[in-house]
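Here are a few notes to read alongside the model. Keep the 3D view open as you go.

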Amino acid sequence: MSVNGEAVRVTTETDQTDEPGWEVDPDDDWALAVVATVGRQLRLRREAAGMRVGDFAVAVGYGDDLVYKIESGKRIPRPEYLDTADELFNAGGLISAMKEDVKKVRYPKKVRDLAQMEGRAVELQLYDPLNIHGLLQHPQYARTLLSMRRPAYSAGEVEQFIAARVARKAIFERDPAPELSFILEEWTLRRPLGGRAVLRAQLEHLLEAGRLRNVELQVMPMERDEHAGVDGSIEVLKFDDGSAIGRSPAVANGRPVYDLKQLRILELRYGIIRSQALTPRESTAFIEQLLGEA
């Protein structure tokens, strides 16, 4: 795309106006403030450039109504919208720089809070008995799970959750990297949710993650006659100051816990599950076998 004062995106007003997943959550005060600030800056830049809404809408390839919504803080602007505005207004990157803040408000508040804690953790112990953990989910697999939820999520909610899960995976790129331990149930690796192609992509994704030096994957075989994870999922996040936070449906009704006694219970259960599961090397071989069968 070239921008020369009359740049046009090859798209339709209907496509852009009706695209789900870019609405602002009316109950998220921080998101509302961010989007309102960005919209106000865009409007001020446009007015300073002497450009009317209709002319700007043509230049960026969006409809007038969508431009009004973005400038009034009712719609989250897409990254390419900000890039194009930056070029049209000769902003020198100041408008494009707002993409980082805008990207965060697409994620639900509870997901942002979780991602923030994961971003500070130096060690994570994660067990999900129902599905492959969100941090390990291939985008196609994640979309399949979200689409199967009943009552159904809206198309916009699905897109928001997908974007959030992808963004959380930045934890794998941190330096220094945190220690990540995952325990996976065998049956979650065998279910062909979304079809065989999705399952293969997910298994390949697991093998790729398992090759990282700071990641340990362990599989709990279905044939085990003892299982310490019958009370449900476990999450324990440890921080560099020695503090930790844990969560499990069997402790404090699933609410986050900081109490040392409750954290010890969660770590004890997690440790027993790890001892009952296949070793990381055995687990890798097992996943490779499943991939060959898929």
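The points below go from the core to one strand residue and then to the surface.

1. Bear in mind that this is a predicted model. A good place to start is the largest nonpolar core, which has 32 residues. Leu 136, Phe 172, Phe 182, Leu 189, Leu 203 and Leu 206 are the ones that touch the most other members.

2. Who supplies this core? Strand 1, helix 8, strand 2 (179-185), helix 11 (196-210), strand 3 (215-220), strand 4 (234-239) and helix 13 (280-293) each give two or more residues. Helix 11 gives the most, with six residues.

3. Take a closer look at Leu 136. Leaving aside residues up to four places away in sequence, Leu 136 touches Lys 169, Phe 172, Phe 182, Leu 184, Gln 202, His 205, Leu 206, Ala 209 and Leu 217. Apart from this core lies another, of 28 residues, with Leu 42, Phe 56, Ala 59 and Leu 82 among them.

4. Now for Gln 125, which sits in strand 1. Is Gln 125 buried or exposed? With a relative accessible area of 6%, Gln 125 counts as buried because that is under the 20% cut-off. Its side chain makes a polar contact with the side chain of Glu 123, at 3.2 Å. Not counting residues up to four places away in sequence, Gln 125 also touches Ser 181, Ile 234, Glu 235, Val 236, Lys 238, Glu 267 and Tyr 270.

5. Last, the surface. Leu 130 is in the loop between strand 1 (121-128) and helix 8 (139-148). Leu 130 is exposed, at 53% relative accessible area. Together with Trp 187 and Met 222, Leu 130 makes a nonpolar surface patch of about 310 Å². For context, nonpolar side chains tend to be buried together in soluble globular proteins.

Definitions and conventions:
Residues are numbered from 1 along each chain as its sequence is written. This is a predicted model: local features need pLDDT of at least 70, side-chain atom pairs count only at pLDDT 80 or more; totals for chains, interfaces and linings use all residues. Side-chain values use heavy atoms; hydrogens and water are left out. Patches are made of residues with over 30% relative accessible area and no salt bridge: like charges are joined within 9 Å, nonpolar side chains (Val, Leu, Ile, Met, Phe, Trp, Tyr) within 5 Å. Accessible areas come from the Shrake-Rupley method with a 1.4 Å probe; for residues, only the protein chains shown count as cover. A salt bridge is a side-chain nitrogen of Lys or Arg within 4 Å of a carboxyl oxygen of Asp or Glu. Helices (H or I, at least four residues) and strands (E, at least two) are DSSP runs, numbered from the N terminus. Buried means under 20% relative accessible area, exposed over 50%, partly exposed in between (1.4 Å probe, protein chains only). A polar contact is a pair of N or O atoms within 3.5 Å; within protein, one must be able to donate a hydrogen and the other to accept it, and residues adjacent in sequence count only if both atoms are side-chain atoms. Contact means heavy atoms within 4.5 Å. A nonpolar core is a set of buried Ala, Val, Leu, Ile, Met, Phe, Trp, Tyr and Cys residues joined through side-chain atoms within 4.5 Å.
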